[in-house]
Amino acid sequence: MSVPNFKSDVEAVDALAKAYQDLRAEIGKVIVGQEDVVKNVLISLFANGHSLLVGVPGLAKTLLVSTISEVLDLDFKRIQFTPDLMPTDITGSEILNDQKRFDFAKGPIFANIVLADEINRTPPKTQAALLEAMQERSVTVNGVRHLLPAPFFVLATQNPIEQEGTYPLPEAQLDRFMFNIPLDYPTYEQELAVVKSTTGTGKANLSTILTGEQILYFQQLVRKIPVSDNVVEYAVSLVSKTRPNTERATANVNEYISWGAGPRASQYLVLGAKCHAAITGKYSPDIEDVQAIAKYVLRHRIVRNYKAEAEGITEEHIIEALF
């Protein structure tokens, strides 16, 4: 499948849906279960956003990301975040060469897919270096700007249990992530399949489904997908409802939320809905597409108050009540 051969955008959307199904099948050779996680990671990739994966250790977060990079023929780097990691360990630094001149040695962030493992284990200064690069898609060292490769996609992971000695990302930094994707334990049957496939000598041979050039084409295609006014209005109205003590806020939100989502949530809801529609074979998103991704866009953008925490009201409960 080469990029320029589509006669129309409709044909291109069909090709995106087909590529998505092929990706799912190929990733499924290695990753057992986790269908929603794989789906949302791919949606954020095609929508040109970054994602935060939240789950306990041992749920194959790293394997998932490396598998995706393999089937997408993209350069993959992993950064293990630790308390002593410096910003230059991520972005790169200048090194004196034989000619007594400084050369820029690129850091691990110069890759198509970057896995930021346990992002909350490193101090704010280093987190900020990564998040700035995510936003600007470039790194500036000594006044010289170095562009990051395209496509560029960051998947950060967080462990929700161990919070001792961690540096939680501030709300403004969390807002840079398009999706916050929770990973759960596999079912009994899935775990059986995982153990059988990983304790033998067999290794799945993965085929490359898309090139970086094709991904860039599909990212542009997703933006071109038309969306009706009522869907945009629904997305913006959903986000407005999360803001306590404003005219659209619901009683639930006023009672349990101390801070609501900003305008970036509305943008990501519309972009994500366009992509969700395309991969499910539709040429324009509807309200169901917005609802399908709303939890992943909003769960890290609303801040619960003490009452919600005391009563065990989760972000998901509050978001579902908005539908």
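Biologist: Is Lys 295 buried, partly exposed or exposed in this model?
Modeller: Keep in mind that this is a predicted model. Buried means under 20% relative accessible area and exposed means over 50%. Lys 295 comes out at 28% relative accessibility, so Lys 295 counts as partly exposed.

Biologist: Which residue forms a salt bridge with Lys 295?
Modeller: Side chains of opposite charge can pair when their charged atoms come close. Here the closest N and O atoms are 2.6 Å apart. The pair links distant parts of the chain, helix H12 and helix H14, 25 residues apart. The partner of Lys 295 is Glu 320.

Biologist: How far apart should the ends of H12 be, going by 1.5 Å a residue?
Modeller: H12 covers residues 287-298, which makes 12 residues. The expected span is 1.5 Å times one less than the number of residues. The end C-alpha atoms agree with that expected span, which is 16 Å.

Biologist: At the start of H12, which residue has a side-chain oxygen close to the backbone nitrogen of Glu 288?
Modeller: That oxygen reaches to within 3.2 Å of the nitrogen. It belongs to Asp 286.

Biologist: What covers the buried residues of H12?
Modeller: The buried residues of H12 include Val 290, Ile 293 and Val 297. An α-helix has 3.6 residues a turn, so residues three or four places apart point the same way. The cover over the buried residues includes strand E9 and helices H2, H9, H11 and H14.

Biologist: Which helix gives the largest nonpolar core its largest share?
Modeller: This core has 72 residues, and Val 41 and Leu 269 are among those with the most contacts inside it. The largest share is nine residues, and they come from H11.

Biologist: How many residues are in the other core?
Modeller: That core lies apart from the one with 72 residues. Among its members are Leu 52, Ile 109, Ala 133 and Val 139. Its size is 26 residues.

Biologist: Which residue of helix H10 pairs with Lys 307?
Modeller: Lys 307 sits in helix H13, 52 residues from its partner. The closest N and O atoms of this salt bridge are 2.4 Å apart. Lys 307 is partly exposed at 37%, and its partner is partly exposed at 33%. That partner is Glu 255.

Biologist: Which residue in E4 is the bridge partner of Glu 94?
Modeller: Strands E3 and E4 pair in the antiparallel sense over five bridges. Between the strands of this hairpin are five residues, and Lys 100 takes a positive phi near 60°. The bridge partner of Glu 94 is Phe 104.

How values were computed
Residues numbered from 1 in each chain as written. Predicted model: local features only at pLDDT ≥ 70, side-chain atom pairs only at ≥ 80, totals over all residues. Heavy atoms only, no water. Pairing = 2+ DSSP bridges. Helix = DSSP H or I, 4+ residues; strand = E, 2+ residues; numbered from the N terminus. Buried < 20%, exposed > 50% of the residue type's maximum accessible area, 1.4 Å probe, protein only. Contact = heavy atoms within 4.5 Å. Polar contact = N/O pair within 3.5 Å; in protein donor to acceptor, adjacent residues only side chain to side chain. Core = buried A, V, L, I, M, F, W, Y, C linked by side-chain atoms within 4.5 Å. Salt bridge = Lys/Arg side-chain N within 4 Å of Asp/Glu carboxyl O.
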